[in-house]
Amino acid sequence: MTRTFTYQALPMRVQLGVGALTRLPAEVEHLGLQRVLVICAPDQQHTGERVAAALGDRAAGVLAEATMHVPIEIAARARDRAEELGADGCVTVGGGSAVGLGKAIALEFGLPVIAVPTTYAGSEMTPVWGLTEGGRKRTGRDPRVLPRSVIYDPELTVSLPAAMSVTSGINAIAHAVEALYAPDASPIISLMAEEGVRALTDALPRVVADGADLDARADAQYGAWLCGACLGGTTMSLHHKLCHTLGGTLDLPHAQTHTVVLPHALAHNQPAAPDAVAALSRALGGVPDPARALWDRAADLGAPTSLRQLGMAEADIPRIVELATEQPYANPRPVTPAGIEALVRAAWAGEPPH
Ligand code: NAD
């Protein structure tokens, strides 16, 4: 068959390496920004203050209010604060929550975002925004929210606890897995996906063994970057749909939910996605069953393996199945209520994927 595909490159500059944060002032200057608002989560305020201090006069202030899923009230306050301070850009320091709040400001005012990621969630590599109002999360794509510049400094991830490093890393792997069988997959993205899974699965055991191992932390960030680019470049399927439903409806924790569900969603899709299975098998060192290998490795790294452990009640299963199957979407294997119920039950109980 003739090779035919579309690949949209996303315009951004990425710097990775120990000490990369020292290049932030030059990056702000390079983008022509005079007064940037530093955004972080409340428990990362000290890091936000440190970054603002390094920016000197070019920092307009620190807003330590980022929380999961960008509640609309917090986004509105952040937009007001950016306006009051006369900010002409934002620097987000933190995980997906901090980037999400920067994106909410960019969506309203078009202010450029520079992202300094401290988890492996990957939001910094995507033009996807999210806002939560009245318990419902809306998401969309807009090129204005794509960060102009990303600075990965492994030193900032040393404080990320082992358990969160593992679940955040597997959250990233999930982006690569679904990119490999996406309806808009391309050979370029598939290269990034395979390499991203390889880099992260190699780095995570080293990160768990020694959280201060900067080589392991840099390798994990490299993997997270590639996996985030996969999320930014393709349309996600069953796994992300299920996790979005579980997180939005039951308020289950984001990265942990991805970690539990991924082997089950992949096992479900594997029979209909032979090229993805081949790529994942290579990335995982030649394993015959990537879903099972991911499940085993997550368990070895001490990750949660059941939705029950995350606080989900068995009685919630039918509602989740109904919500996750009510709208059609692209997926390698047809999405049926019976198939999804079997998947969710196995994930709830912590059974091996089948
Ligand atoms: P997060 O940003 O909420 O961070 C989790 C917790 O870890 C926070 O308390 C944070 O302060 C803390 N933390 C972060 N970095 C740390 C560090 N280095 N050391 C110590 N503590 C640290 O969680 P997340 O998993 O990074 O992001 C999840 C959010 O991002 C969700 O809302 C999700 O929907 C969103 N997301 C969006 C996209 C997108 O493309 N739009 C992609 C991925 C995730």
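**Figure 1. Helix H11 and its buried residues.** In this predicted model, helix H11 buries Pro-290, Ala-291, Ala-293, Leu-294, Trp-295 and Ala-298. Their cover includes H5, H9 and helix H10, which spans residues 274-283. H11 itself runs over 290-300. Just past the end of H11 comes Gly-302, with a positive phi of about 85°.

**Figure 2. Leu-301, in the loop after H11.** Leu-301 sits between helix H11 (290-300) and helix H12 (317-325). Is Leu-301 buried or exposed? Leu-301 counts as buried, because it has 20 C-beta neighbours inside 10 Å and the cut-off for a buried residue is 20 or more. Leaving aside residues up to four places away in sequence, Leu-301 touches Val-166, Leu-204, Pro-205 and Val-208. Ala-209 is 92 residues from Leu-301 along the chain, yet their C-alpha atoms are separated by 9.5 Å.

**Figure 3. The two sides of helix H2.** Helix H2 covers residues 45-55. Its buried residues are Thr-47, Gly-48, Val-51 and Ala-52. Why do they lie on the same side of H2? They cover an arc of only 140° around the axis, which puts them on one side. The spacing fits a general rule: an α-helix has 3.6 residues a turn, so residues three or four places apart point the same way. On the other side of H2, His-46 and Ala-53 are exposed.

**Figure 4. What H2 packs against.** The buried residues of H2 meet one helix, H1 (24-30). They also pack against four strands: E2 (36-39), E3 (59-63), E4 (89-94) and E5 (113-117). Just after H2, Gly-56 has a positive phi of about 55°.

**Figure 5. The shell around the ligand.** The ligand has 28 residues around it. Which of them come nearest? They are Ala-41, Gly-95, Gly-96, Thr-119 and Ser-123. Four elements give two or more residues to this shell: helix H4 (96-109), strand E6 (128-133), helix H5 (162-180) and helix H9 (254-269). H4 gives the most, with four residues. By class, the shell holds ten nonpolar, 17 polar and one charged residues.

**Figure 6. His-69, a positive phi outside glycine.** His-69 is not a glycine, but its phi is positive, near 70°. His-69 lies in the loop between E3 and helix H3 (72-84). How many C-beta neighbours does His-69 have inside 10 Å? There are 18, so His-69 counts as partly exposed.

**Figure 7. Asp-251, in the loop before H9.** Asp-251 also has a positive phi, of about 60°, although it is not a glycine. Its loop links helix H8 (238-250) and H9. Asp-251 is exposed, because 12 other C-beta atoms lie within 10 Å and a residue counts as exposed at 12 or fewer.

**Figure 8. Gln-327, in the loop between H12 and H13.** Gln-327 follows H12 and precedes helix H13 (337-349). Is Gln-327 buried or exposed? With 8 other C-beta atoms within 10 Å, Gln-327 is exposed. The C-alpha atoms of Gln-327 and Ala-347 are separated by 22 Å, and these two residues are 20 apart along the chain.

**Figure 9. Two annotated stretches.** An unreviewed UniProt entry places "domain: Alcohol dehydrogenase iron-type/glycerol dehydrogenase GldA" at residues 11-154. Over those residues the chain is 31% helix and 28% strand. The end C-alpha atoms of this stretch are 23 Å apart. The UniProt record, also unreviewed, gives "domain: Fe-containing alcohol dehydrogenase-like C-terminal" for residues 166-348. Here the chain is 70% helix and 0% strand. The end C-alpha atoms of residues 166-348 are 19 Å apart.

**Figure 10. The setting of the close-ups: the whole chain.** The protein chain has 13 helices and eight strands. Its radius of gyration is 20 Å, close to the 20 Å that the globule rule gives for 354 residues, so the chain is as compact as a globular protein of that length. Along the principal axes, the C-alpha atoms fill a box of roughly 55 × 45 × 40 Å. Of the 354 residues, 53% count as buried. Take the contacts between residues at least 6 apart in sequence: 76% of them join residues at least 24 apart.

Methods
Residues numbered from 1 in each chain as written. Predicted model: local features only at pLDDT ≥ 70, side-chain atom pairs only at ≥ 80, totals over all residues. Arc of directions from axis to C-beta. Contact = placed C-beta atoms within 7 Å. Rg over C-alpha atoms; globule rule 2.2 N^0.38 Å. UniProt positions renumbered as here; feature names shortened; annotations may be inferred. Near = placed C-beta within 6 Å. Nonpolar A, V, L, I, M, F, W, Y, C, P; charged D, E, K, R; others polar.
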